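Work through the exercises below with the sequence and the 3D structure in view, trying each task before reading its solution.

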Amino acid sequence: MSVENPTRLQLLLLVVGLQALLLQMRSGMRPSRVVLLESRDRIGGRVHTDYSFGFPVDLGASWLHGVCEENPLAPIIGRLGLPLYRTSGDDSVLFDHDLESYALYDTNGSQVPQEFVEKIGKVFEAILEETGKLREEMKEDISIAKAIAIVLERNPHLRQEGIAHDVLQWYLCRMEGWFATDADAISLQCWDQEVLLPGGHGLMVRGYRPVINTLAKGLDIRLGHRVVEIVRHWNRVE
Ligand SMILES: Cc1cc2nc3c(=O)[nH]c(=O)nc-3n(C[C@H](O)[C@H](O)[C@H](O)COP(=O)(O)OP(=O)(O)OC[C@H]3O[C@@H](n4cnc5c(N)ncnc54)[C@H](O)[C@@H]3O)c2cc1C
């Protein structure tokens, strides 16, 4: 795709995930001066609400983390009148991140004792603590997967075998689930640097799709446009 006279265009956003849509909104630019390119045949990226059961099921993001004014999504959700189911209160019936909510089974179908799971959880914590020390040593960033490999190399007593190894892997999978990416793409430097906004957590009962639709309204979005290279010329961008 070639954009003639890019000064008139002002903003060329290359992907159509939630961040790009929010960025466009916050830039205050007129939609007519913005073009968004998206490689897939749908917008939203990791926000994707499926309606095939006749009701909304979020396959990607489904919580608003930090129900407060500082959260740029909160006013949009409020304006649209979208209900939130609060999952951070004491009366919540949803369980998520606490260990007590999980029951692990081995491949023979026997439940792994809870105390054992918790014991391996402590090993995982010890490994993460060691990766923290490694972070201080390293000048350059590496992945958490690589950091764990180095820690286990240096601390053989933290290595696990058999079912203990499987449970340890489960802890790593939970971490990957939280970041929605593989451990070799999680940054050692940044993985624990997030700042949680106040206000608790709310589940988007009607799904995130209305938010995406609202943000995308009136924008020039070109689906099926995968960006492979950006070339700037004096009078156009390709
Ligand atoms: C299963 C799951 C559950 C989650 N749960 C929550 C939650 O409850 N609450 C929460 O706040 N967050 C949650 N997240 C995280 C949240 O979805 C993401 O942080 C957020 O959607 C990221 O938005 P983004 O715009 O940065 O990236 P993305 O959503 O990844 O958007 C990037 C877009 O760029 C497009 N793209 C990539 N490369 C190219 C290219 N070369 N050319 C053109 N287009 C390209 C992609 O197709 C995609 O549409 C979850 C994520 C997942 C996967």
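**Exercise 1.** Leaving aside its neighbours within four places in sequence, find which residues Val47 is in contact with.

*Solution.* Two residues are in contact if their C-beta atoms, placed from the backbone, lie within 7 Å. With neighbours within four places left aside, Val47 is in contact with Leu18, Gly60, Ala61, Tyr208 and Ile212. Residues are numbered from 1 along each chain as its sequence is written. The model is predicted, so local features need pLDDT of at least 70 and side-chain atom pairs count only at pLDDT 80 or more, while totals for chains, interfaces and linings use all residues.

**Exercise 2.** Check whether the length of helix α4 (residues 114-137) agrees with its number of residues.

*Solution.* Helices are DSSP runs of H or I with at least four residues, and strands are runs of E with at least two, numbered from the N terminus. The expected span is 1.5 Å times one less than the number of residues. For the 24 residues of α4 this gives 34 Å, and because the end C-alpha atoms are 35 Å apart, the two values agree.

**Exercise 3.** Describe the open sheet that three strands form.

*Solution.* Two strands pair if DSSP finds at least two bridges between them. The order is β6-β8-β7, with antiparallel pairing. The edge strands, each pairing on one side only, are β6 (63-65) and β7 (84-86). Three bridges join β7 to β8 (residues 201-204), and Tyr85 stands opposite Leu203 in β8.
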